[in-house]
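Work through the exercises below with the model open. Try each task before reading its solution.

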Amino acid sequence: AGEGEAGVELWGVRRGGRGGEGSGVGGQTGVGRGEGEGEGYKEFYMRLPEFFKSLAGFFPFPYQQRWADQLLQGKSVILRVPTGAGKTWAMVAPFLYSMATGRRLADRLLYALPRRSLASSLFATTQQQMRGVLERVVTTGKDRDYTSAATFCSLQIGGQKDDPFFESDLVLTTSDQLLSSYILLPVSLPNRLGNMNAGSLPGSLVVFDEIHLLDPSVALGTA
């Protein structure tokens with residue numbers, strides 16, 4: 001392992017495959033790397049480190065580059081790294097880069113954490129860094145203008161319901177908000193709107209972070 005690589009474990013799996021424990025990402029779509037697209041993909045991929053640095057403040061570690069390559073190929077990925085190793089930017093940067101370059105990796109990024117405090121903290125850091133790189137960032141997704149060229153980054157938790165229908169490009173939320181939407185019982189919406197959020201899941205890049213904090217016998221009981 002190179003610098004920043006100690007304790008890193010990464011599995012890339014096709015949808016329907018299995019991996020080990022850790023943060024899980026489900027990618028629904030991929031950036032083209034098929035026949036006739038090799039050179040375009042190479043040029044696209046080679047510019048990612050510069051964008052990553054402008055967003056995160058440092059060039060990606062080798063594991064972050066491998067992670068991005070897996071996502072850009074449309075694979076689902078499981079990642080386990082030590083605290084502070086940069087897994088958040090490893091997930092967010094490739095998605096924002098794909099948006100900025102017009103080769104969108106997915107319709108949106110749904111980033112779920114087990115606690116409101118974690119989601120709030122990550123939202124504050126992420127949207128601040130995005131403002132330093134992207135031309136315009138809007139921090140609420142509710143009733144968004146889909147004709148706007150802005151990048152939408154929102155927080156959807158029990159105490160701050162800025163995006164009840166998961167409309168933003170990047171949504172920071174909690175695991176219960178996301179899982180309850182999957183089973184058509186979203187905790188932040190009335191029953192008559194219970195089927196709305198499930199429509200945002202197909203085509204999305206879905207991230208479950210800090211999953212080691214979830215007790216399978218309690219927190220994952222709904223799933």
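The exercises that follow concern a predicted model.

**Exercise 1. Helix packing**

Task: Describe how helix α3 and helix α4 pack, and classify their orientation.

Solution:
- Start with the general scheme. Two packed helices are described by the angle between their axes and the distance between the axes.
- Locate the helices. Helix α3 covers residues 62–72, and helix α4 covers residues 87–100.
- Read the geometry. The angle is about 40°, and the axes lie 9 Å apart.
- Classify the angle. Angles under 35 degrees count as roughly parallel, and 65 to 115 as roughly perpendicular. The pair α3 and α4 is therefore oblique.
- Add the handedness. α3 passes α4 in a right-handed crossing.

**Exercise 2. The surroundings of α3**

Task: Which residues of α3 are buried, and what follows α3?

Solution:
- List the buried residues. They are Tyr-63, Gln-64, Trp-67, Ala-68, Asp-69, Gln-70, Leu-71 and Leu-72.
- Draw the conclusion. Eight of the eleven residues of α3 are buried, so the helix is largely enclosed by the rest of the structure.
- Move past the end of the helix. Gly-74 follows α3 and has a positive phi, near 85°.

**Exercise 3. Two arginines and Asp-169**

Task: Find the salt bridges that Asp-169 makes with Arg-104 and Arg-144, and state which parts of the chain they link.

Solution:
- Take Arg-104 to begin with. Its salt bridge with Asp-169 has closest N and O atoms 2.5 Å apart. This pair links distant parts of the chain, 65 residues apart. Arg-104 sits in the loop between α4 and β4 (109–113), while Asp-169 sits in the loop between β7 (160–161) and β8 (170–174).
- Compare cover for this pair. Arg-104 is partly exposed, because its relative accessible area is 36%. Asp-169 is buried, because its value is 3%.
- Turn to Arg-144. Its side chain meets that of Asp-169 in a salt bridge, 3.5 Å from N to O. Here the partners are 25 residues apart along the chain, with Arg-144 in the loop between β5 (137–138) and β6 (151–157).
- Check cover again. Both Arg-144 and Asp-169 are buried.

**Exercise 4. Glu-210 and its partner**

Task: Which residue forms a salt bridge with Glu-210, and are the two partners buried or exposed?

Solution:
- Identify the partner. Glu-210 forms a salt bridge with Lys-87, with the closest N and O atoms 3.4 Å apart.
- Place both ends. Glu-210 is in the segment after β9 (205–208) and Lys-87 is in helix α4, 123 residues apart.
- Apply the cut-off. Buried means under 20% relative accessible area. Glu-210 has 19%, so it counts as buried. Lys-87 has 14%, so it counts as buried.
- Widen the view. Lys-87, Asp-209 and Glu-210 are linked in a network of salt bridges. The count of salt bridges in the model comes to four.
- Check the backbone. Glu-210 has a positive phi of about 55°, although it is not a glycine.

**Exercise 5. The loop between β7 and β8, and its neighbours**

Task: What is notable about the phi of Phe-166, and which C-alpha separations involve Glu-167 and Leu-170?

Solution:
- Begin with Phe-166. It is found in the loop between β7 and β8. Its phi is positive, about 55°, although it is not a glycine. Phe-166 counts as buried because its relative accessible area is 1%.
- Consider Glu-167. Its C-alpha atom is separated by 9.8 Å from that of Asp-145, 22 residues away along the chain. Asp-145 lies in the loop between β5 and β6. With a relative accessible area of 41%, Asp-145 is partly exposed.
- Go on to Leu-170. Leu-170 lies in strand β8. At 0% relative accessibility, Leu-170 is buried. The C-alpha atoms of Leu-170 and Phe-152 are separated by 6.4 Å, and the two residues are 18 apart along the chain.

**Exercise 6. A nonpolar surface patch**

Task: Which residues form the nonpolar patch on the surface, and where is Tyr-182 found?

Solution:
- Name the members. Tyr-182, Ile-183 and Leu-185 form the patch.
- Give its area. Together the three have about 330 Å² of accessible area.
- Place Tyr-182. It is found in helix α6 (residues 175–182).
- Judge its exposure. Exposed means over 50% relative accessible area. Tyr-182 has 58%, so it counts as exposed.

Technical notes: Residues are numbered from 1 along each chain as its sequence is written. This is a predicted model: local features need pLDDT of at least 70, side-chain atom pairs count only at pLDDT 80 or more; totals for chains, interfaces and linings use all residues. Side-chain values use heavy atoms; hydrogens and water are left out. Patches are made of residues with over 30% relative accessible area and no salt bridge: like charges are joined within 9 Å, nonpolar side chains (Val, Leu, Ile, Met, Phe, Trp, Tyr) within 5 Å. Accessible areas come from the Shrake-Rupley method with a 1.4 Å probe; for residues, only the protein chains shown count as cover. Helices (H or I, at least four residues) and strands (E, at least two) are DSSP runs, numbered from the N terminus. Buried means under 20% relative accessible area, exposed over 50%, partly exposed in between (1.4 Å probe, protein chains only). Axes are lines fitted to C-alpha atoms, for helices over the stretch in contact, and angles run from 0 to 180 degrees between N-to-C directions. Angles under 35 degrees count as roughly parallel, over 145 as roughly antiparallel, 65 to 115 as roughly perpendicular and the rest as oblique. A crossing is left-handed if the near helix is turned anticlockwise from the far one by less than a right angle, and right-handed if clockwise.
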